[in-house]
Amino acid sequence: MFLRPTTLHDATHALAAGGQVLAGGTDFFPALGSRPANGTIIDVSRIAELRGIRVALDHIRVGGATTWSEIASAPLPRCFNALRSAAREVGAVQVQNRGTIAGNLCNASPAADGVPPLLILDAEVELASAAGLRRLPLREFIVGNRKTQRRPDEILSAVILPLNLCDASSAFLTLGARRYLVISISMVATLLSGNRDGLVGTARIAVGACSAIAQRLPELERDLVGRPLGRELSTIVAARHLAPLSPIDDLRATAAYRRDATLTLIRRAIHSCAEALT
Ligand SMILES: Cc1cc2nc3c(=O)[nH]c(=O)nc-3n(C[C@H](O)[C@H](O)[C@H](O)COP(=O)(O)OP(=O)(O)OC[C@H]3O[C@@H](n4cnc5c(N)ncnc54)[C@H](O)[C@@H]3O)c2cc1C
């Protein structure tokens, strides 16, 4: 059965009876391969409550079925630059026009472009079911390679982004074997804010595609705070800061290459954030 509800209420009540959620289908259909889809499919792409970006006093709410194209073109504060850059890296324009933020998070690929820029924004996910709503920090939502805390009866209805660091600068850099339509070897999102003395006030660094779940680098974040926002800032980054990562050898790159490339990406991203603040 194929259902296309137009309200979240109808979608959650349909899902309570069992079924699979479909949004843009850009992960869903490739994962099926040549198998036909079984059971009830609930297409959430026509639910107005799940679409679009709403700005409130202290947060931004991105509906789960908001596409990457919508995010890329949204007039968002500077601290969201990394997220908008990542939106432009998801496949090509056709994929960005269909693929959604919730689909990217629920698919939970270690190389999902959406995760590192959302981790540096301290994103939370909102999950809706017939029983009500609950919220979880994104860092707790994804628990492994293609594993999340989403219960089978839940729809990821929104991503909530706090608006406490609007003036911070952020950057997203990714490395693949070619420019587009490629699974990343490494990806890095960085966010820096400065204080009146020209020193780093807040630093947040996240790395994807180098562990089963994208990771923040807390030791590096601590080491950056209080340092001058100048050209030398990126030289602080050292191999020991990558301790939370566990890159693998695969056909795209060796683990050693991934570590090396990640150090370079982090240094470049920090440099670009620092330049934007000075
Ligand atoms: C050619 C191609 C290139 C790609 N390139 C990239 C890339 O560069 N970077 C990248 O990160 N990804 C890439 N992708 C993967 C994909 O486009 C993204 O992950 C996209 O964001 C998935 O969103 P979707 O709406 O299409 O999800 P769908 O395919 O509809 O769903 C994906 C999964 O999430 C579940 N789901 C979807 N929405 C919800 C919801 N609201 N609540 C609960 N569960 C939900 C589905 O049940 C399914 O399990 C690519 C895909 C293709 C086909």
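Biologist: How many disulfides does a search of the whole structure find?
Modeller: Zero, where a disulfide is a pair of cysteine sulfur atoms within 2.5 Å. This is a predicted model, in which local features need pLDDT of at least 70, side-chain atom pairs count only at pLDDT 80 or more, and totals for chains, interfaces and linings use all residues. Residues are numbered from 1 along each chain as its sequence is written, and side-chain values use heavy atoms, leaving out hydrogens and water.

Biologist: Why is Cys166 not bonded to Cys79?
Modeller: Cys79 holds the closest cysteine sulfur, but that atom is 5.0 Å from the sulfur of Cys166, so the pair is too far apart for a bond. Cys210 is in no disulfide either, with its nearest cysteine sulfur, in Cys273, 18 Å away.

Biologist: Why is Cys210 called buried, and Cys166 partly exposed?
Modeller: Buried means under 20% relative accessible area, exposed over 50%, and partly exposed in between (1.4 Å probe, protein chains only). Cys210 is at 1%, so it counts as buried; Cys166 is at 27%, so it counts as partly exposed.

Biologist: And what makes Ser109 buried?
Modeller: Its relative accessibility is 19%, so Ser109 counts as buried. This serine sits in the loop between α6 (101-107) and α7 (115-119); helices are DSSP runs of H or I with at least four residues, strands are runs of E with at least two, and both are numbered from the N terminus.

Biologist: Which residues have the most contacts inside the largest nonpolar core?
Modeller: Happy to list them: Phe80, Leu105, Leu118, Leu138, Phe141, Val159 and Leu161, in a core of 45 residues. Such a core is a set of buried Ala, Val, Leu, Ile, Met, Phe, Trp, Tyr and Cys residues joined through side-chain atoms within 4.5 Å. Helix α4 (residues 81-87) gives the most to this core, with four residues. A second, separate core has 24 residues, including Cys210 and Leu265.

Biologist: How do you know that Asp27 makes a polar contact with the ligand?
Modeller: An N or O atom in the Asp27 side chain is 2.6 Å from a ligand oxygen, and a polar contact is a pair of N or O atoms within 3.5 Å. A backbone N or O atom of Phe28 is also 2.6 Å from a ligand oxygen, while for a polar backbone atom of Gly91 the distance is 3.0 Å.

Biologist: How much of the ligand does the protein bury?
Modeller: The protein buries 84% of the 980 Å² that the ligand exposes when taken alone, by the Shrake-Rupley method with a 1.4 Å probe. Helix α6 supplies the largest share of the surrounding shell, five residues.

Conventions
A polar contact is a pair of N or O atoms within 3.5 Å; within protein, one must be able to donate a hydrogen and the other to accept it, and residues adjacent in sequence count only if both atoms are side-chain atoms.
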